[in-house]
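Visitor: I would like a close look at a single part of this model, followed by how that part sits in the rest of the chain. Please take it slowly and keep to the structure itself.

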Amino acid sequence: MRRRAIVDQVQNLSLLEEDSDFFSDGIEEKAVKRKEESSYPCVLLPTDCLEEYQDDNFEKITGRPQPFLPYSEEDMDRMVESVREHGVLEPITVRPTKGKKYQILAGRNRYRASVICGRKEIPSIIREDIDDQQAALIMLDTNLRQRRNLSYSERAYAYRMKLELTSSQGKRNDLSDADDPSMRKDSLAEAGKENKESRRMVAYLIRLTYLIKPLLEAVDQRTLSFRVGVKLSYIPEELQAFLFYQIMPQYGKIKMKQADAVKKLVEEGTASQKTIQRVFYEAAMDKQNIRKMTIQLPDTLSYEEAQRLFQSF
């Protein structure tokens, strides 16, 4: 089956009002266990025969640095206490390497916690059928499934890299299948299904990777809303920089209505620093001109009379 290009799937995606449920501040994810992992036997491996999968290896395969931040000291301490009390509940995933060693593909922090606790063995799933690209995919999938409270940027780049790797693994298909739209694979839907995320949410997250770094950090820090970040991702980078370095310090947090107006300027071909400045200036003036009025209405006034009175203002 032919996979649609990632850029085609996310470029023209509309941000819909009914998608607001996706944009809550709580983005904690529940761990999801993949069915295929249960088909491989779990064995106890000595910790001294294990070696970590290096981030340099990942970047060499994907062309990008791995997107996940290291565990905080607090998170690591919590994992160490859990391993000390309960052991390693979720097996790590490894593949054989040279010299009777095994490379850790998933579970680096569980391994580190085990070593700190002085454990000599760790439950492991051995995968002998894994090449370098598949190893990178396992690292991405495992972190998406098992790590809680990932930032928007971590999830965004993880999904983008996952889909890029998946696309590069595409196999030649029968031409009749490729020409049939019903046989085309929807990579966004596939990626989301594996991690209990909707297709649209995956697409929105990937859109965030088109933001300049300061704006993406603002989304992570909640000084820019997720929905506004998605909207601004369609704006050229030089105008994104203008928004971050000039507009936000002067006018504060960008609202969805303002983001809509700026995106419309871009679509109409009239976007410039001057026209964008006008959008925020006019919004600020409108806010200053809002006046609160308190009107004491007589109790004898009917609903129809009150309605006509308000319409006269």
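Which residue in β5 is the bridge partner of V94?

Guide: In this predicted model, the bridge partner of V94 in β5 is I126. That pair belongs to the contact between strand β3, residues 92–96, and β5, which run parallel and are joined by three bridges. β5 itself covers residues 121–126, and β5 also pairs with strand β1, residues 42–46, in the antiparallel sense, over five bridges. One of the pairs between β1 and β5 sets C42 against I125. β5 thus has bridges to β1 and to β3, with I125 paired to C42 and I126 paired to V94.

β3 has a further partner in strand β4, residues 102–106; β3 and β4 run antiparallel, and four bridges join them. Across this pairing, P96 of β3 stands opposite Y102 in β4. β3 and β4 form a hairpin with five residues between the strands, and within this hairpin G99 takes a positive phi near 70°. As for cover, β3 is mostly shielded, since four of its five residues are buried. In a regular strand, side chains alternate between the two faces of the sheet.

The next step is the packing around these strands. The largest nonpolar core has 55 residues, and the members that touch the most others are L208, L232, I254 and I276. Setting aside residues up to four places away in sequence, I276 touches L239, F242, L243, I247, V262 and L265. There is also a second, separate core of 14 residues, and this one includes L45, V80, I92 and I122. Three of the strands discussed above span positions named in this second core: L45 falls within the 42–46 range of β1, I122 within the 121–126 range of β5, and I92 within the 92–96 range of β3. V80, also in the second core, falls within helix α3, residues 73–86. In soluble globular proteins, nonpolar side chains tend to be buried together.

Helix α3 also carries a charged pair. The side chains of E74 and R78 meet in a salt bridge, at 3.6 Å from N to O. E74 and R78 are four residues apart in α3, and therefore about one helical turn separates them. E74 counts as exposed, at 57% relative accessibility, while R78 counts as partly exposed at 49%.

A second salt bridge joins the side chains of R108 and D55, at 3.5 Å from N to O. R108 lies in helix α4, residues 108–116, and D55 in helix α2, residues 55–62, so this pair ties together parts that are 53 residues apart in sequence. R108 is partly exposed, with 26% relative accessibility, and D55 is likewise partly exposed, with 32%.

A third pair has a different setting. The side chains of K162 and D141 meet in a salt bridge at 2.8 Å, N to O. Here K162 belongs to helix α6, residues 152–168, and D141 to helix α5, residues 132–146, so the bridge ties together parts that are 21 residues apart in sequence. K162 counts as buried because its relative accessibility is 6%, and D141 counts as buried because its value is 4%. In addition, R64, R160 and E164 are joined into one network by salt bridges that share partners. The count of salt bridges comes to 13. Side chains of opposite charge can pair when their charged atoms come close.

The structure holds zero disulfides. Among the cysteines, C49 is buried, with a relative accessible area of 11%, whereas C117 is partly exposed, with 21%.

Last, the chain around these parts. The chain contains 15 helices and five strands. Of its 313 residues, 41% are buried. Among contacts between residues at least 6 apart in sequence, 78% join residues at least 24 apart. The accessible surface of the chain comes to about 18,800 Å², and carbon and sulfur atoms account for 49% of it. To return to the starting point, V94 pairs with I126 in a strand where four of the five residues are buried.

Technical notes:
Residues numbered from 1 in each chain as written. Predicted model: local features only at pLDDT ≥ 70, side-chain atom pairs only at ≥ 80, totals over all residues. Heavy atoms only, no water. Core = buried A, V, L, I, M, F, W, Y, C linked by side-chain atoms within 4.5 Å. Buried < 20%, exposed > 50% of the residue type's maximum accessible area, 1.4 Å probe, protein only. Contact = heavy atoms within 4.5 Å. Pairing = 2+ DSSP bridges. Helix = DSSP H or I, 4+ residues; strand = E, 2+ residues; numbered from the N terminus. Areas by Shrake-Rupley, 256 points an atom, 1.4 Å probe, with all protein chains shown as cover. Disulfide = S-S within 2.5 Å. Salt bridge = Lys/Arg side-chain N within 4 Å of Asp/Glu carboxyl O.
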